[in-house]
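Student: Hi! Could you walk me through the empty spaces and the ligand site here?
Tutor: Happy to, let's open it up.
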Amino acid sequence: MDKVSSLINKNVGDIYLKEPLSKHSSWRIGGPADVLVEPYTVEQILEIVRYADLMKIPAVVIGNGTNLLFSDEGFRGIIIKMGKNFSKYTIKGKRACVEAGIWTPKFVKILSDNGLSGLEHAIGIPGTLGGLVFMNGGSGGKCIGDIVKKIWVIDKNYNLISFSKSECDFSYRKSVFQDSNYIICKIELECETGEKEKIESEMRSILDNRKNKFPLNYPNCGSVFLSNPVVNDTFAPPGKLIEEAGLKGYQVGGAQISEKHANFIVNLGNATAKDVISIVQYALKIVYQRYGLYLESEIKYVGEMGDLKSLHEVGKLSME
Ligand SMILES: Cc1cc2nc3c(=O)[nH]c(=O)nc-3n(C[C@H](O)[C@H](O)[C@H](O)COP(=O)(O)OP(=O)(O)OC[C@H]3O[C@@H](n4cnc5c(N)ncnc54)[C@H](O)[C@@H]3O)c2cc1C
């Protein structure tokens, strides 16, 4: 047994060898990971990270894979999946404390069942809460950072440390956690009290609206290019620019710029990471030629050896 798969002898959670990453990506794309582990506790996460460092094996933390493109070759290392095993929560008054692996729509519903408001905007975001904090995700002009009180992370020295809201340095789709190898473990939110019926009706209308706008019938990764309000004011939202450039329906292999929403790339059935990257590269080039704007992507590409890059950087490299 090699040093990667010998992790199986340790009590670090549920372990899968040669696990197809397509099963862990909302794009349904990606070759096999040598090992994928789903830990239950902070201690287990620490043990995996220490082991990876000691053995010099690349390790990458993921949530629900709804903002990630995995390489067609897969990943030669350990994927640490923060998911349902790591999703306990407590609610006291307006404060909710929750582990990072909880599925965001599930937690939004739990908050609403407890008459708590502030995260309804995330009801249709299909990732984990840890992924949402990492990305400072949200919708309708709101983001998770608005209601964060405190975040606990594991740092590179294997310490569990906490960040106050201001230390998280939240801005549009950015957080301090993108700048270093922090593993987000626990999230404390400060919500508002609200009427359950009102919150539920708001959530229903958000979901209806998204169903009409987004191509949810094909595997996708949400918006591919950042829709930064500041950039949108000068140019237009990326979907509009791509549509105006005539790229709706543009297809490479099994991947296509959605006919319904041009900021989505959908997997028509057998798309590869290479197909998606070719489309990104083409869209970047055409939009740049037409508008002088270099689009940025919020999606991260996980290379075979664990290098994490924003998708626009991979598209740019391929253009050279
Ligand atoms: C249909 C669809 C609609 C979407 N709509 C929206 C939207 O309206 N608004 C929006 O903001 N996003 C949207 N997204 C994108 C995505 O769902 C969010 O960014 C989500 O929060 C990512 O969470 P995840 O668990 O899937 O993260 P992943 O995709 O698994 O990971 C994303 C990044 O976060 C890091 N990460 C994940 N968990 C942790 C952790 N615990 N500690 C440290 N790093 C971590 C990963 O290393 C990676 O770099 C959409 C996606 C889809 C498929």
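Student: Which residues line the largest cavity?
Tutor: Val 224, Phe 225, Ile 242, Ile 257, Ala 262, Asn 263, Phe 264, Ile 265, Ile 279 and Ala 283 line the largest cavity. On a 1 Å grid over the protein atoms alone, a cavity is a set of points where a 1.4 Å probe fits but cannot get out, and lining residues have an atom within 4 Å of a point. This is a predicted model, where local features need pLDDT of at least 70, side-chain atom pairs need 80 or more, and totals for chains, interfaces and linings use all residues. Residues are numbered from 1 along each chain as its sequence is written, and side-chain values use heavy atoms, leaving out hydrogens and water.

Student: What's its volume?
Tutor: The largest cavity has a volume of about 40 Å³, a volume being the space filled by probe spheres set on the points, which are joined across faces, edges and corners.

Student: And how does the lining divide by residue type?
Tutor: Nine nonpolar, one polar and no charged. Here Ala, Val, Leu, Ile, Met, Phe, Trp, Tyr, Cys and Pro count as nonpolar, Asp, Glu, Lys and Arg as charged, and the others, Gly among them, as polar.

Student: Ligand next. How many residues surround it?
Tutor: There are 34 around the ligand, and the closest are Val 61, Gly 63, Thr 66, Thr 128 and Gly 138; a residue counts if one of its heavy atoms lies within 4 Å.

Student: Which polar atoms sit by the ligand oxygens?
Tutor: A side-chain N or O atom of Thr 128 is 2.7 Å from a ligand oxygen. From the backbone, an N or O atom of Val 61 lies 2.6 Å from a ligand oxygen, and a polar atom of Leu 132 is 3.2 Å from one. A polar contact here means N or O atoms within 3.5 Å.

Student: Which helix gives the most to that shell?
Tutor: Helix 3, with five residues; helices are DSSP runs of H or I with at least four residues.

Student: Why does the ligand lie between two domains?
Tutor: Because domain 1 (5-81) and domain 2 (85-211) both give residues to its shell. The domain bounds come from an automatic or database assignment.

Student: How is that shell made up?
Tutor: It divides into 16 nonpolar, 15 polar and three charged residues.

Conventions
On a 1 Å grid over the protein atoms alone, a cavity is a set of points where a 1.4 Å probe fits but cannot get out, and a pocket is an open set with protein on both sides within 12 Å along at least five of seven lines; lining residues have an atom within 4 Å of a point. A polar contact is a pair of N or O atoms within 3.5 Å; within protein, one must be able to donate a hydrogen and the other to accept it, and residues adjacent in sequence count only if both atoms are side-chain atoms. Helices (H or I, at least four residues) and strands (E, at least two) are DSSP runs, numbered from the N terminus.
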